[in-house]
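The following questions and answers examine strand pairing, core packing and charged contacts in the structure shown here.

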Amino acid sequence: VAKLCVCDLLVAQCDVNCCCDPDCSAADFSLFTTCSVPIVTGDSHLCSQKAATYSLDVEADPPERIVKLIDQVNPSVFCIHATNYKQALSFSSPEIPTSENFDQLLKQFGSASFSAEPDSWNMNTDAQNPSDANETCRYKYGVPIQTVDAFLRLPSPVVSSWCSDVNPAGFLVNQATKCTRSVSVEKCGNIQAVSMLFYINSSILAKLYEFVFQVNITVQSIVVQSLNGMRTLLNGSDVLRLPLILDELCINIVLGVSYHITYTDAGEIIEAAASFVLGAINKEVLSIQQSFEISFTQVNTKPVPLSGNPGYVVGLPIRAGFRPQGYPFHVEILFAALVLNTNKYSQLTILQSTSNQDCLAAQGTRTPILFGYNMISGCKLRITADMKCQPLTQTLLDLLKGQSFPEYVASFGNSQAQDVLDWVPITHLHTSEQRIYNTFQSSCQIPVSLEIEVKWTKYGSLVNPQARIVNVTATITTTTAKQLPSGRERTIPIISSVVFTDSSSPAEPGYKAWPTINAKLPFDFFFPFV
Amino acid sequence: LSSVPLQILFYVNGIYYTFYFLVTLAMIVYKSQVFSYPDDFLAPDLALLFIMAILEVLRLYFGSKGNLTEEEAPLGLSLVITVGSVILSVYFLVWQTYVLKADVIINAVLLFTYGLESVLKVIAIAAFV
């Protein structure tokens, strides 16, 4: 104990305020203010252990260090009097690997986690393996898609912008990459990566690790791009077109591949199709840019563009739709799917400001409402005396709301049109700008502003909250258009805005239920008395 | 005549042993939580504690019966079982995995009781023969 010193960090030098440092002389000790380590003891669980105390005597001049070796007694009645277990009170040194015990040590410590008693866990893992055998055959999200020889390649830029051919495509990971490849007309037949065969050569395995079921990659369409950039779709697309040199040009060079993989919900791939863009290069071209894309569709479904899964992602358009025709009552809504615009950017839109700011001239351009982005736009309306009220009101309403203003907004980014209860109805409010209420409202009320307020909340777990829309309110503000004397005209601003407000309530902790003590006395416990 | 001090000692021994058993069991549980107590060391300690309890019950039964019926055979059997109990008590005093100060105290008291009982039993056997 007298030789142990925790604060002695510098070798052959005196550490400051370290009273147990053997490198310090008496002169050094006189400069210390306190002792950073006042006592060094053995294990305090023992009934009596040796201890070395270090203290500074500041009364003396100069201050000197006092070292005392004492026996410290643990007064508790539960102190350890003796142990017969050698490793109890010290850390065990690990085994040094040798050639004999290397395999056993690897089995014990070679995985991501291990416990102090490895034998008790071995039985569990053996029992689980047979049932897992079925599970490992399915493709899971992110697993590289296997082909007969290696993986389905999706060349992508690594570090620099040059293509690397060893990037595997992950299952259900929709990717689009662009990279540069160096080519030349003389070698165009020899470079594998610019020929169609390279991309459709090997078949994809339908299930992981099983070579029995293979899916051939079919050529879906071929688009030929000429030297000046014009693209034409070829009619017969089942012919393999390999690069060949023609009139000092190398044609049928692959400029882009787009894979479409169809999968089932059991994790199997059943179809694979590739669409090519072929081009031509001439002698001056030294490198071309290739673009690759892969997308996955579940069998028997049409791909629905999602705005988040499940919560809305900031920047993706809000999904909205209508009640189908002929279902006026809410009760019957539950049996019918909503009707959505096929273009996901046109489902909920607001007016788009134009450079000339004239409302009536710029009809028709609208901008989609993206989740999380507050927007405001507007235009100026010039009213002349001969404009009639009713058509003006109608025009302005069309301008503000657009041709097809939806009735329902999806609460989650992946809400399906069939689940009507997942959709939030849009509430419409009308307010009037005039504070003073005239008893006759016979004058013309024209809408001047549309404000859409989308209230959303954070839904789900605290570490991964998902955005969910709970309320959408569209407020139309109207103002009175006074009748103008003839010849005069007035300009009024028309504003439309979208505001996203976060109305999440604070997170609540969710605990597991307390374990209950299920102790019941037997029926005849109090036999003689009951 | 039956030996009254011996009978008193049997009675006190019974109460004290119940206390000893519960305290030792509680302390083994405490040791297994606070210190590192692998299963290889915990199992023998617990097994020996339960064996000691069984032996103690038998010992007190035979001793009490022999004393009250004034027969030397059960008393002799009880004396033999006492030897086993003494060995077990020494195990818990010296060879246990963790010997705490409390262990030392209660085992010492138990050994003292055993010693006193053995002396009184020998005297009783001598009186009955």
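Q: Which residue of β24(A) stands opposite A:T427?
A: In this predicted model, β22 of chain A spans residues 423–432 and β24 spans 466–481. Seven bridges join these two strands, which run parallel. The residue of β24(A) that stands opposite A:T427 is A:T473.

Q: Which residue of β24(A) is the bridge partner of A:I446?
A: β23(A) covers residues 444–459, and it pairs with β24(A) in the antiparallel sense over 15 bridges. In the hairpin of these strands, with six residues between them, A:G460 takes a positive phi near 110°. The bridge partner of A:I446 in β24(A) is A:T479.

Q: How many of the 16 residues of β24(A) are buried?
A: A residue counts as buried under 20% relative accessible area. β24(A) is largely enclosed by the rest of the structure, because its buried residues number 13.

Q: Which strand gives the most residues to the largest nonpolar core?
A: The largest nonpolar core has 42 residues, and those with the most contacts inside it are A:I318, A:I369, A:V409 and A:I452. Elements of chain A that each supply at least two residues include α6 (389–401), β22, β23 and β24. Contacts of A:V409 beyond its neighbours within four places in sequence include A:I318, A:W423 and A:V472. With seven residues, the strand that gives the most to this core is β23(A).

Q: How many residues apart in sequence are the parts that A:K207 and A:E268 tie together?
A: A:K207 forms a salt bridge with A:E268, with the closest N and O atoms 3.8 Å apart. A:K207 lies in strand β8 of chain A and A:E268 in the loop between β13 and β14, so the pair ties together parts separated in sequence by 61 residues.

Q: Are B:D103 and B:K31 buried or exposed?
A: These two residues form a salt bridge in which the closest N and O atoms are 3.1 Å apart. B:D103 lies in helix α4 of chain B and B:K31 in helix α1, so the pair ties together parts that are 72 residues apart in sequence. Both B:D103 and B:K31 are buried.

Q: Which elements give two or more residues to the nonpolar surface patch?
A: The patch, of about 440 Å², is made by A:V77, A:F78, B:Y30, B:V34, B:I105 and B:V109. A:V77 is found in the loop between β3 and β4 of chain A. The elements that give two or more residues are α1 (4–34) and α4 (101–128) of chain B.

Terms used: Residues are numbered from 1 along each chain as its sequence is written. Chains are lettered from A and ligands numbered from 1 in the order in which they are written. This is a predicted model: local features need pLDDT of at least 70, side-chain atom pairs count only at pLDDT 80 or more; totals for chains, interfaces and linings use all residues. Side-chain values use heavy atoms; hydrogens and water are left out. A nonpolar core is a set of buried Ala, Val, Leu, Ile, Met, Phe, Trp, Tyr and Cys residues joined through side-chain atoms within 4.5 Å. Buried means under 20% relative accessible area, exposed over 50%, partly exposed in between (1.4 Å probe, protein chains only). Helices (H or I, at least four residues) and strands (E, at least two) are DSSP runs, numbered from the N terminus. Contact means heavy atoms within 4.5 Å. Two strands pair if DSSP finds at least two bridges between them. Patches are made of residues with over 30% relative accessible area and no salt bridge: like charges are joined within 9 Å, nonpolar side chains (Val, Leu, Ile, Met, Phe, Trp, Tyr) within 5 Å. Accessible areas come from the Shrake-Rupley method with a 1.4 Å probe; for residues, only the protein chains shown count as cover. A salt bridge is a side-chain nitrogen of Lys or Arg within 4 Å of a carboxyl oxygen of Asp or Glu.
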